[in-house]
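Where does the ligand sit, and what surrounds it? The paragraphs below take the contacts, then the shell, then the pocket.

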Amino acid sequence: MAYDADNIFARILRGEIPCDKVYEDEHVLAFNDISPKCPVHVLVIPKGEYVSFDDFSAKASEAEIAAFTRAVGEIARAAGVADAGYRLIANAGANGGQEVPHYHVHILGGGPVGPMVCR
Ligand code: 5GP
């Protein structure tokens, strides 16, 4: 799938839409989900134009991948969910239920997250 530069997270990255930012570095931005599914629900996105996890893992630089991975852990610790536990979700494509076609990881926590998959 080609990257859609008008997706909502691209617009947040360009500053066209506000977000409740919790973290930013050279390669990564993180903000609270607009419709939280748990007491803690943070979205972590790379600043580069990647559609999904597989796109990111294939095309991102080592520096971007390292920064992203380290940021997810740092944000989880800063959000206070690391000790009690949390869940990372990266939806990809239609079957994965991905709504926004810019790669992102959900950090969910602050209480029991529930069953892994509901069908
Ligand atoms: P996906 O289904 O693509 O994995 O998740 C997209 C997430 O983005 C959803 O949890 C949704 O609530 C969130 N979202 C959609 N639009 C906005 C927005 O404008 N701002 C923020 N902060 N989150 C958004």
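A polar contact here is a pair of N or O atoms within 3.5 Å. The model is predicted, and the contacts that follow are computed from it. By that cut-off, I34 makes a polar contact with the ligand through its backbone, because a backbone N or O atom of I34 lies 3.3 Å from a ligand nitrogen atom. G97 also takes part through its backbone: one of its polar backbone atoms is 3.2 Å from an oxygen atom of the ligand. With D33 the side chain is involved, since an N or O atom there is 2.5 Å from a ligand oxygen atom. On its own the ligand has 520 Å² of accessible area, and the protein covers 87% of that.

Around the ligand there are 17 residues, and the ones that come nearest are D33, N91, E99, H104 and H106. By class, the shell is made up of seven nonpolar, seven polar and three charged residues. Two elements, helix 1 (8-13) and strand 2 (28-32), each give two or more residues to this shell. Helix 1 gives the most, with three residues.

Which pocket does the ligand take up? The ligand takes the space of the largest pocket. This pocket has a volume of about 920 Å³. Its lining has 32 residues, of which D33, K37, H41, N91 and H106 are closest to the centre of the pocket. Among the names given for both the shell and the pocket centre are D33, N91 and H106.

The elements that give two or more residues to the pocket lining are helix 1, strand 2, strand 3 (40-46), strand 4 (86-89) and strand 5 (105-109). Helix 1 gives the most to the lining, with three residues, and helix 1 also gives the most to the ligand shell. Sorted by class, the lining of the largest pocket holds 18 nonpolar, nine polar and five charged residues.

Conventions: Residues numbered from 1 in each chain as written. Predicted model: local features only at pLDDT ≥ 70, side-chain atom pairs only at ≥ 80, totals over all residues. Heavy atoms only, no water. Near = heavy atom within 4 Å. Polar contact = N/O pair within 3.5 Å; in protein donor to acceptor, adjacent residues only side chain to side chain. Areas by Shrake-Rupley, 256 points an atom, 1.4 Å probe, with all protein chains shown as cover. 1 Å grid on protein atoms, 1.4 Å probe; cavity = no way out; pocket = protein on both sides within 12 Å on 5 of 7 lines; lining within 4 Å. Sits in = over half its atoms within 2 Å of the grid points. Helix = DSSP H or I, 4+ residues; strand = E, 2+ residues; numbered from the N terminus. Nonpolar A, V, L, I, M, F, W, Y, C, P; charged D, E, K, R; others polar. Points joined across faces, edges and corners; volume = space filled by probe spheres on them.
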